[in-house]
Amino acid sequence: MTDERPVLVATEADDLTADMVIAELGRRNVPVTRFNPADIGSALTVSARFGSCPAPVGGQLRTPSRTVDLTRVRSVYWRRPVWPTFDHLGADEARFASAQVRYGLGGALYALDGPLWVNHPLRNAAADYKPAQLAVAQRLGLVVPPTLVTNDPDEARAFIDNHGQVLFKILRWTPCRRDGVPVTGWADPVTTEEIDASVALVPHLFQAVVDKVADLRVLVVGGEVFAVRIESGLLDWRKDYSALSYRVVDLPSRTEKALLAYLDHFGLASGSFDLAVDRAGDLWWLELNPNGQWGWLEEATGLAMSAAFATLLTEGAAP
């Protein structure tokens with residue numbers, strides 16, 4: 001019997017990575033409904049019911065081409081949705097309206113306990129705190145570079161003096177423009193001379209530089225692990241994709257088990273891990289992106305990453 005339950009894909013309008021997964025689901029004849037929260041009021045409608053139907057959450061989600069019964073959702077791929085900003089409203093009204101969408105549409109979807117989530121937004125959020133990531137990684141036996149999170153300038157200077165080569169990393173990427181130009185949070189070297197009183201305003205993350213020869217990007221999808229070695233010679237390989245070369249590698253068994261346990265700890269079905277390879281071949285934990293990019297790696301290596309996502313979403317949760 002054909003399973004007609006749909007897969008929901010929540011993402012922005014232009015998302016080539018989501019397109020790859022949707023195309024793979026299409027080849028398997030799996031029904032898909034794609035939507036973006038930013039389309040609420042124009043191309044997206046939600047009607048969720050509580051307390052008046054057999055299921056804890058009932059109702060419908062509607063797009064111009066699809067109507068989805070919320071009790072029949074197979075799985076949800078929460079990819080890169082964009083929330084509406086209501087720029088045509090005043091600042092207070094826009095804040096109010098945005099909150100109603102997040103807690104109305106978002107709340108109704110988050111309440112669904114039938115589908116498989118890849119990943120549930122609330123679990124993504126819990127896994128996105130870098131200090132928590134560092135602590136969990138160490139508990140699971142992964143090697144963590146010496147790291148300091150502080151807003152004390154003296155502590156920061158002492159840390160840099162002690163470790164010599166140190167990077168500054170942002171604790172959370174946030175859209176930001178400086179003089180009209182988008183600012184990206186690279187992992188950049190920092191010296192004691194650069195530490196001033198402004199450090200006291202907010203916590204900063206400082207991390208000792210790993211004497212690395214390469215990086216690893218490891219995508220885990222369900223139980224499948226895809227590890228790609230990235231050669232670049234850069235402290236932060238994201239600065240120049242044209243300088244990168246790739247090689248598919250196998251992880252040590254203990255590392256693979258630790259990464260799977262890491263996702264289990266946060267209740268995630270998938271995640272993109274960044275590790276550094278030092279000159280002795282040892283692996284160092286850097287970070288997890290619960291919803292990281294991987295599409296370009298499939299194109300570069302031929303690894304069946306989109307197929308793994310499609311398989312996971314197709315299996316979904318039991319009816």
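**Exercise 1. Helix α2**

How many residues does helix α2 have, and what does it reach from its first C-alpha to its last? Then find its buried side.

*Solution.* This is a predicted model, in which local features need pLDDT of at least 70, side-chain atom pairs count only at pLDDT 80 or more, and totals for chains, interfaces and linings use all residues. Residues are numbered from 1 along each chain as its sequence is written, and side-chain values use heavy atoms, with hydrogens and water left out.

Step 1. Locate the helix. Helices (H or I, at least four residues) and strands (E, at least two) are DSSP runs, numbered from the N terminus. Helix α2 covers residues 91-110, which makes 20 residues.

Step 2. Check the span. From first to last C-alpha, α2 reaches 27 Å, close to the 28 Å expected at 1.5 Å a residue. The expected span is 1.5 Å times one less than the number of residues.

Step 3. List the buried residues. Buried means under 20% relative accessible area, exposed over 50%, and partly exposed in between (1.4 Å probe, protein chains only). In α2 the buried residues are Ala-94, Ala-97, Ser-98, Val-101, Leu-105, Gly-106, Ala-108 and Leu-109.

Step 4. Place them around the axis. They lie on the same side of α2 because they cover an arc of only 155 degrees around the axis. That arc is taken from the directions from the helix axis to the C-beta atoms. Asp-92, Arg-95, Phe-96 and Tyr-103 are exposed on the other side of α2.

Step 5. Find the packing partners. The buried residues of α2 pack against β1, β2, β3 (45-49), β4 (58-62), β6 and β7. Contact here means heavy atoms within 4.5 Å.

**Exercise 2. Ser-98 and its contacts**

Is Ser-98 buried or exposed? Trace its contacts.

*Solution.* Step 1. Ser-98 sits in helix α2. Its relative accessibility is 18%, so Ser-98 counts as buried.

Step 2. Leave aside its neighbours within four places in sequence. Ser-98 is then in contact with Pro-84, Thr-85 and Phe-86.

Step 3. Look at Phe-86. This residue is in the loop between β6 and α2. Phe-86 has a positive phi of about 55 degrees, although it is not a glycine.

Step 4. Compare with Asn-29, in the loop between α1 and β2. Asn-29 also is not a glycine and has a positive phi, of about 60 degrees. Asn-29 is exposed, with a relative accessible area of 66%.

**Exercise 3. The parallel sheet**

In what order do the strands of the open sheet with parallel pairing stand?

*Solution.* Step 1. The 4 strands run in the order β2-β1-β6-β7. Two strands pair if DSSP finds at least two bridges between them.

Step 2. Mark the edges. These are β2 (32-35) and β7 (116-118), each pairing on one side only.

Step 3. Inspect one pair. Strand β1 (residues 7-11) is joined to the parallel strand β6 (residues 75-80) by 5 bridges. Val-7 has Ser-75 in β6 as its bridge partner.

Step 4. Go past β7. A cis peptide bond joins Val-118 and Asn-119, with omega at about -10 degrees. Asn-119 is in the loop between β7 and α3 (121-126).

**Exercise 4. The largest nonpolar core**

Which element gives the most to the largest nonpolar core?

*Solution.* Step 1. Define the core: buried Ala, Val, Leu, Ile, Met, Phe, Trp, Tyr and Cys residues joined through side-chain atoms within 4.5 Å. The largest has 28 residues. Leu-25, Tyr-77, Trp-294, Met-305 and Phe-309 have the most contacts inside it.

Step 2. Assign elements. Those giving two or more residues include β1, α1 (16-27) and α8 (305-315). α8 gives the most, with 6 residues.

Step 3. Follow Phe-309. Outside its neighbours within four places in sequence, its contacts include Val-21, Tyr-77, Val-118 and Trp-294.

**Exercise 5. Strand β13**

How many residues of strand β13 are buried?

*Solution.* Step 1. In β13 (residues 204-208), 5 of 5 residues are buried.

Step 2. Split the strand by direction. His-204, Phe-206 and Ala-208 point one way, and Leu-205 and Gln-207 the other way. In a regular strand the side chains alternate between the two faces of the sheet.

Step 3. Find the partners. β8 (residues 147-150) pairs with β13 in the antiparallel sense over 4 bridges. Thr-150 stands opposite His-204. β9 (residues 166-169) also runs antiparallel to β13, with 4 bridges. There, Lys-169 stands opposite Leu-205.
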